[in-house]
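The report that follows describes one chain and its ligand, going from burial and overall form to local detail. Please read it alongside the sequence and the structure shown here.

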Amino acid sequence: MSWNPYYRGDGVVRPGVSLPDPPPWRTFPRASVADVFQPPEGLVEAVNASLALRRPLLITGSPGTGKSTVIEQVAAELDLGPVLRWHVTSRSTLSEALYHYDALGRIHAHRLQQEKARTGAADSGVDDIAAFMSLGPLGTALLPSDRPRALLIDEIDKADLDLPGDLLDVLERGEYRIEELRREGQELAHLRMSGEDTKHPVRGGHVQCTEFPFIVMTSNGEQELPAPFLRRCLRYTMPRPTAALVREVVRRHLRLDVPESGANAELVDAFVRRVSSGERIAIDQLLSTLHLLNGPAQMKDAERGALIGLLMKNLSGA
Ligand SMILES: Nc1ncnc2c1ncn2[C@@H]1O[C@H](COP(=O)(O)OP(=O)(O)OP(=O)(O)O)[C@@H](O)[C@H]1O
Ligand SMILES: [Mg+2]
């Protein structure tokens, strides 16, 4: 059997061809990575300093070095609840991360209500602004709580130039206001939290945190962040992975011990050599390669070589 008996490229229809089991990191819903993440040197200290100082941790580093994964392990170990996620793009704004108000949806609902009233159909008669509001990941992270929440602000370097400055202010004070609630004089509103169906009471349109969240911000270094912003964060750069770290990551993800020599050892050593010489290549490329090469399919040398070439490409360029 070759490694690709599913699609053959001959146009013959083969209904019911079964695919192999997915790699552990591609099962859905996604399995927790808390017990497979292996922190590189110095990361544990950086996380603990950030927790103790109640300051965000800014993690920089090459693609695939685990920047976005760190927080999963911290949240699981410290029982901080599900990780709140804010994926930043050039269009992201601070207000969307705090809360969302669907004003158009409310107008539409109001019109429907009026229509029903006119035609004599039953209607709830309540115009509750809270039904059209939901908290974003940052807004949820700053809700008062007994335990800090964990918040991932992913790829902060993709943000518009103003965003870090706007964010700074909210993170300094740990509070924000929901003007729409204040304007309408709504003293108590129950707002849906990010990523959950649960609602949280907000009084007087004002939210003030009682436990500063554990915040990880990640960056690929595409844009330099302003000094006042950096001053208020702890910074950690993911180091280039060592052979020992890579072996441990492989063991944890694939339950595979890589011996000192042999085909798997050669792949690991080649990966470490390439990374050390400055090539951009990520550990999950190596994991995918090892997963396929150590699977049930028997491969000829040429097939193995082609597969390695396909999966272990440098990330710089197309
Ligand atoms: N030290 C590690 N221990 C265990 N798994 C790791 C480690 N580093 C990376 N991985 C695995 O590599 C994959 C990529 O990690 P992740 O998405 O966190 O990288 P990233 O640094 O955020 O990359 P990008 O910059 O592209 O967003 C994940 O499946 C993760 O589990
Ligand atoms: Mg990431």
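A residue counts as buried if 20 or more other C-beta atoms lie within 10 Å of its own, as exposed if 12 or fewer do, and as partly exposed in between, with C-beta atoms placed from the backbone. This is a predicted model, in which local features need pLDDT of at least 70 and side-chain atom pairs count only at pLDDT 80 or more, while totals for chains, interfaces and linings use all residues. Residues are numbered from 1 along each chain as its sequence is written, and chains are lettered from A and ligands numbered from 1 in the order in which they are written.

## Overall form

The chain holds twelve helices and eleven strands, where helices (H or I, at least four residues) and strands (E, at least two) are DSSP runs numbered from the N terminus. Its radius of gyration is 25 Å, well over the 20 Å that the globule rule gives for 318 residues, so the chain is more spread out than a compact globule; the radius is taken over C-alpha atoms, and the rule is 2.2 Å times the number of residues to the power 0.38. The C-alpha trace spans about 75 × 55 × 35 Å along its principal axes. Of the 318 residues, 27% count as buried. Two residues are in contact if their C-beta atoms, placed from the backbone, lie within 7 Å, and among contacts between residues at least 6 apart in sequence, 80% join residues at least 24 apart.

## Domains and ligand

The domain assignment, which is automatic or taken from a database, gives domain 1 (43–103 + 132–237) and domain 2 (241–311). The C-alpha centres of domain 1 and domain 2 are 35 Å apart. Where does ligand 1 lie with respect to domain 1 and domain 2? Both domains give residues to the shell around ligand 1, so the ligand lies between them.

A residue is near a molecule or strand if its C-beta atom, placed from the backbone, lies within 6 Å of it. There are 19 residues around ligand 1, and Pro-63, Gly-66, Lys-67, Ser-68 and Thr-69 come nearest. The shell is made up of eight nonpolar, nine polar and two charged residues, with Ala, Val, Leu, Ile, Met, Phe, Trp, Tyr, Cys and Pro counted as nonpolar, Asp, Glu, Lys and Arg as charged, and the others, Gly among them, as polar.

## Helix H2 and the loop before it

Ser-62 is placed in the loop between E1 and helix H2 (70–77), and it counts as buried because 20 C-beta neighbours lie inside 10 Å. Leaving aside residues up to four places away in sequence, Ser-62 touches Met-238 and Arg-280. Ser-62 and Asp-162, by comparison, are 100 residues apart in sequence and 24 Å apart in space, C-alpha to C-alpha.

Six of the eight residues of H2 are buried, so this helix is largely enclosed by the rest of the structure. The buried positions are Val-70, Ile-71, Glu-72, Gln-73, Val-74 and Ala-75, and they pack against H1, E1, strand E5 (150–154) and strand E10 (214–219). In helix H1 is Glu-45, which is exposed because 12 other C-beta atoms lie within 10 Å. The C-alpha atoms of Glu-45 and Tyr-236 are separated by 9.9 Å, although these residues are 191 apart along the chain.

## Backbone details

The table collects residues with a positive phi.

| Residue | Place | Phi |
|---|---|---|
| Arg-54 | loop between H1 and strand E1 (57–60) | near 55 degrees |
| Asp-79 | just after H2 | about 55 degrees |
| Gly-195 | turn of the E7 and E8 hairpin | about 75 degrees |
| Arg-255 | loop between helix H9 (243–254) and helix H10 (263–276) | near 50 degrees |

Arg-54 counts as partly exposed because it has 15 C-beta neighbours inside 10 Å, whereas Arg-255 is exposed, with 9 other C-beta atoms within 10 Å.

Strand E7 (residues 188–192) and strand E8 (residues 199–203) pair in the antiparallel sense over five bridges, two strands being paired if DSSP finds at least two bridges between them. The bridge partner of Arg-192 is Lys-199 in E8, and six residues lie between the two strands of this hairpin.

A cis peptide bond, with omega about -5 degrees, joins Phe-28 and Pro-29; Pro-29 lies in the segment before helix H1 (43–53).
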